[in-house]
Structures are given as C-alpha cells and as structure tokens.
Amino acid sequence: MKVLDAALRGSMVEEQLIPRGINDRRVLEAMRKVPRHLFVPGSSLENAYSDCPLPIGERQTISQPFMVALMTQSLGLSGGERVLEIGTGSGYQAAVLAELAKEVYSIDRYADLAKNAETVLGKLAYTNIRIKAGDGTEGWEEFAPFDAIIVTAGTPSIPQPLIDQLAQGGRLVVPVGGPLSQVLTLASKENSSVAQEEICGCVFVPLVGKYGWKQD
Ligand code: SAH
C-alpha cells in the first residue's frame, strides 16, 4: 500500500503538475508527500490521484491536484508564513500548506467537514494547523494578519475582511467570478494598495457567506 500510493503520487507530479508549469520544488515535494487518498473517503487509491476534483460530502469537492498545486505555488511560500485558508473541505489543501508554511488556519462553513478534516490531519500528526467551523468570508480576526490567504471556493468579489486581514507584502489567491466559472485571481498587498493579477479560468463551488454568495 505504502509503495503503491507513493508511486501514484510520483506519477501525479510527473504527469499532471510538472508538464503544466508547477516548478516550485517545495510545492512538488509537498505534493509528493501528502497522502491525498486519506482525504477522499470511499475513493479507490487510483481514483484519489486522478486528474480531477472528487466529491467529499455536503455537495462539496476536493480540488484537482493541479489546482491545489497552482494555488499553492501562487502564494510563494518559503516556510515562515502564517496562512489562512477559507474552505477546509477535506483538509487536503491545508496539509499541503502545512508542509510549506509555519502556521495554517482553516475555516469551513460545514461543521462536519471541519471535524472530519481535523480528525484526518490529527492522525497524520500535523501540529501546525488550526481549524474552525464558521463563515470564512469574515476571515479569522484573532490570528490576523496573514502572510498568505487562499480561498478555495468561488466568490463574486474578494471579501473585504480578507483584504483587511492580509499582511503588508502578503498574497491572496481566490477564484472570482460567477457561480459556474471564475478567474483564479492573485491579489498582492503593497503599501496598503492591492494589485490584482489573473492566473487562469477555474471552476469552484460557491463561497457562501456574508461577503460571498448569499446562498448556494
Ligand atoms: N480546500 C478543500 C476543498 C474545498 S471545497 C480541500 O482541500 O479539500 C470548498 C469548501 O468551501 C467547501 O468545503 C465549502 O463548505 C467551503 N465554504 C463555502 N463557503 C464558505 C465560507 N463562507 N466559509 C468557509 N467555508 C466555506
């Protein structure tokens, strides 16, 4: 089992990530290491490493491996950062972030998803991830500012509390657009002004909350 899942991760990196431009060595290393299959309940081993998003319950999905790697690479993490994730889902993205940054804070609107993610991450002995259930569009004021923020659900516009809770020099990656498709957007905060860059088109489940969509 151990050998097989490591081999599947190796192929995932070689076939799905490197050819599409993921070149941050630390990101590739994290993608080789984190056991994605443990975050996808009821999926076959092969399926867990396939090139697509997969259902995780509550009509939500774990993102395609490439999208996880691309969003993570966009944050440019070097190891000392405090990161906020909105949309814990399975906890997989949080684990990848925990390999690359100092502290990870992650919020999901569904308490059962937050709880499941906490259980899996606990079993894997991650000690630098804190999870809570709640409306992530309001950020997590108690631990702000964050050097990096990643939103793994689609929003009509960037929630203002997230911009406010981003540190100077910080980066925020977020899918912005309509309910059916969005543009993956990288926002950077320098001297209190926020510059935005478009990365690519993408499809995410809706970010539902006070500063996102009002309902799914
Ligand atoms: N990053 C996850 C995938 C997330 S899917 C993973 O690695 O598996 C998007 C998640 O965003 C869903 O779990 C959904 O419940 C959550 N979500 C949607 N709106 C939210 C909000 N306002 N606050 C927190 N989480 C939210």
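**View 1. Gln165 and its neighbours across the chain.** Gln165 has a relative accessibility of 4%, so this residue counts as buried; the word means under 20% relative accessible area, while exposed means over 50% and partly exposed is anything in between, with a 1.4 Å probe and protein chains only. This is a predicted model, where local features need pLDDT of at least 70 and side-chain atom pairs count only at pLDDT 80 or more, while totals for chains, interfaces and linings use all residues. Residues are numbered from 1 along each chain as its sequence is written, and side-chain values use heavy atoms, with hydrogens and water left out. You'll find Gln165 in the loop between α7 (160–164) and β7 (166–177). Helices (H or I, at least four residues) and strands (E, at least two) are DSSP runs, numbered from the N terminus. Ala144 sits 21 residues away from Gln165 along the chain, yet their C-alpha atoms are separated by 5.3 Å. Glu142 is 23 residues from Gln165 in sequence, and the C-alpha to C-alpha distance for that pair is 9.8 Å.

**View 2. The loop between β5 and β6.** Here's the stretch that holds Glu142 and Pro145. The flanking strands are β5 (129–133) and β6 (146–151). Glu142 counts as exposed because its relative accessibility is 61%. Look at the link between Ala144 and Pro145: that peptide bond is cis, with omega at about 5°.

**View 3. The ligand and its shell.** What surrounds the ligand? A set of 26 residues does, and the closest are Ser90, Asp108, Asp135, Gly136 and Val208. A residue counts as near a molecule or strand if one of its heavy atoms lies within 4 Å of it. By type, the shell splits into eleven nonpolar, eleven polar and four charged residues. In that split, Ala, Val, Leu, Ile, Met, Phe, Trp, Tyr, Cys and Pro are nonpolar, Asp, Glu, Lys and Arg are charged, and the others, Gly among them, are polar.

**View 4. Polar contacts and cover around the ligand.** A polar contact is a pair of N or O atoms within 3.5 Å; within protein, one must be able to donate a hydrogen and the other to accept it, and residues adjacent in sequence count only if both atoms are side-chain atoms. An N or O atom in the side chain of Asp108 is 2.6 Å from an oxygen atom of the ligand. The side chain of Glu85 places an N or O atom 3.0 Å from a ligand nitrogen. Arg109 joins in through its backbone, where a polar atom is 3.1 Å from a nitrogen of the ligand. On its own the ligand has 580 Å² of accessible area, and the protein covers 99% of that; the areas come from the Shrake-Rupley method with a 1.4 Å probe, and for residues only the protein chains shown count as cover.

**View 5. The elements around the ligand.** Which elements give two or more residues to the shell? They are β2 (60–62), β3 (82–86), α5 (92–100) and β4 (103–108). Of these, β2 gives the most, with three residues. Helix α5 is mostly covered, with eight of its nine residues buried. Among those buried residues of α5 are Tyr92, Gln93, Val96 and Leu100.

**View 6. Two residues with positive phi.** Arg59 and Ala125 each get a close-up here. Phi of Arg59 is near 60°, a positive value in a residue other than glycine. Arg59 belongs to the loop between β1 (54–57) and β2, and this residue is exposed, with a relative accessible area of 65%. Ala125, also not a glycine, has a positive phi near 65°. Its place is in the loop between α6 and β5, and Ala125 is exposed at a relative accessible area of 57%.

**View 7. Two helix residues, Asp112 and Ser74.** Buried, exposed or partly exposed: what is Asp112? Asp112 has 38% relative accessibility, so it counts as partly exposed. Helix α6 (residues 111–123) is its home. Gly89 is 23 residues from Asp112 along the chain, and 9.5 Å separates their C-alpha atoms. Over in helix α4 (residues 65–74) lies Ser74, which counts as buried because its relative accessibility is 10%. Ser74 and Arg130 are 56 residues apart along the chain, with 22 Å between their C-alpha atoms.
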